[in-house]
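Me: I have a protein model here and want to know how its labels are earned. Can you take my questions one at a time?

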Amino acid sequence: MSARTVPPVSPVSPAGASRADLVADTALALLAERGMRGLTHRAVDEAAGLPQGSTSNLARTRQALLELAVRRLADREAKVLALHEMPDPQAGLDALVDALALATHRALTRNRDLTLARYELALEATRRPELRAHFDAAGARFREQLGALVTAMGSADPARHVLSLVAWADGLMFSCVAGTFHAEVPGLAEVRAGLREVLGGMIGR
């Protein structure tokens with residue numbers, strides 16, 4: 001395959017998506033399939049089927065392209081995690097566990113490429129302070145929502161519990177998407193059991 005030709009990538013943007021979303025979605029797909037070295041303005045144009053120079057018109061520099069990808073990643077992961085659809089805390093711990101387990105399992109399975117793209121961007125952010133700021137701001141939105149949930153459930157130390165919960169989920173996802181358990185993705189019931197143990201220990205129920 002020629003280094004100048006990149007075949008179409010998936011997932012594609014939904015019908016009617018803006019050009020900015022198409023560019024960002026294609027950038028995320030390239031990151032998942034080819035890594036950071038495979039992400040260039042030309043590669044995005046070719047993979048998205050856009051005229052040459054289209055991506056540069058939207059994101060002039062590599063930094064701007066990465067920031068566009070981070071913003072789109074945050075929007076799409078918010079839909080995967082669907083924290084706005086989490087049950088009312090009065091519904092009890094098991095209802096919250098069910099909802100979080102479903103969100104985590106979605107990230108492990110049908111949204112696996114999006115999770116891979118997040119890891120690529122997270123590593124790149126360790127080398128780019130400007131990107132770090134954008135990446136952390138996107139993650140803060142999720143941590144705040146999760147903090148509100150565990151607080152409402154009766155957590156005695158919400159900040160520490162959010163860190164532990166995120167670390168557990170991130171560890172599971174990395175191990176099963178890119179790590180040594182990549183061929184042993186757990187089922188929804190297994191994810192739920194793990195989350196029940198973690199959250200139950202935190203909340204004391």
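**Labels and their reasons**

Reply: Start with the contacts. In the protein chain, 68% of the contacts with a separation of 6 or more are between residues 24 or more positions apart. Keep in mind that this is a predicted model.

Me: How do you know whether the radius of gyration of the protein chain agrees with a compact globule?

Reply: Set the value against the rule. For 205 residues, a compact globule would have a radius of gyration near 17 Å. The protein chain has 18 Å, so the two agree.

Me: Why are helix 6 and helix 8 called roughly perpendicular?

Reply: Helix 6 (residues 112-125) and helix 8 (residues 158-177) pack at about 105 degrees. Angles of 65 to 115 degrees count as roughly perpendicular. The angle falls in that range, so the label fits. Their axes are 11 Å apart. Helix 6 brings residues including Arg 112 and Tyr 119 to the contact, and helix 8 brings residues including Asp 170 and Phe 174. The contact residues divide into five nonpolar, one polar and three charged.

Me: What makes Tyr 119 and Phe 174 an aromatic pair, and why is the pair called edge-to-face?

Reply: Their ring centres lie 5.3 Å apart, and the limit is within 6.5 Å. Their planes are 70 degrees apart; over 60 counts as edge-to-face. The structure holds one aromatic pair. Tyr 119 sits in helix 6 and Phe 174 in helix 8, 55 residues apart.

Me: Are Tyr 119 and Phe 174 buried or partly exposed?

Reply: Tyr 119 has a relative accessible area of 14%. Buried means under 20%, so Tyr 119 is buried. Phe 174 has 42%. That lies between 20% and 50%, so Phe 174 is partly exposed.

Notes:
Residues are numbered from 1 along each chain as its sequence is written. This is a predicted model: local features need pLDDT of at least 70, side-chain atom pairs count only at pLDDT 80 or more; totals for chains, interfaces and linings use all residues. Side-chain values use heavy atoms; hydrogens and water are left out. Axes are lines fitted to C-alpha atoms, for helices over the stretch in contact, and angles run from 0 to 180 degrees between N-to-C directions. Helices (H or I, at least four residues) and strands (E, at least two) are DSSP runs, numbered from the N terminus. Angles under 35 degrees count as roughly parallel, over 145 as roughly antiparallel, 65 to 115 as roughly perpendicular and the rest as oblique. Contact means heavy atoms within 4.5 Å. Ala, Val, Leu, Ile, Met, Phe, Trp, Tyr, Cys and Pro count as nonpolar, Asp, Glu, Lys and Arg as charged, and the others, Gly among them, as polar. Rings of Phe, Tyr and Trp (its six-membered ring) pair if their centres lie within 6.5 Å; planes under 30 degrees apart count as stacked, over 60 as edge-to-face and the rest as tilted. Buried means under 20% relative accessible area, exposed over 50%, partly exposed in between (1.4 Å probe, protein chains only). The radius of gyration is taken over C-alpha atoms; the globule rule is 2.2 Å times the number of residues to the power 0.38.
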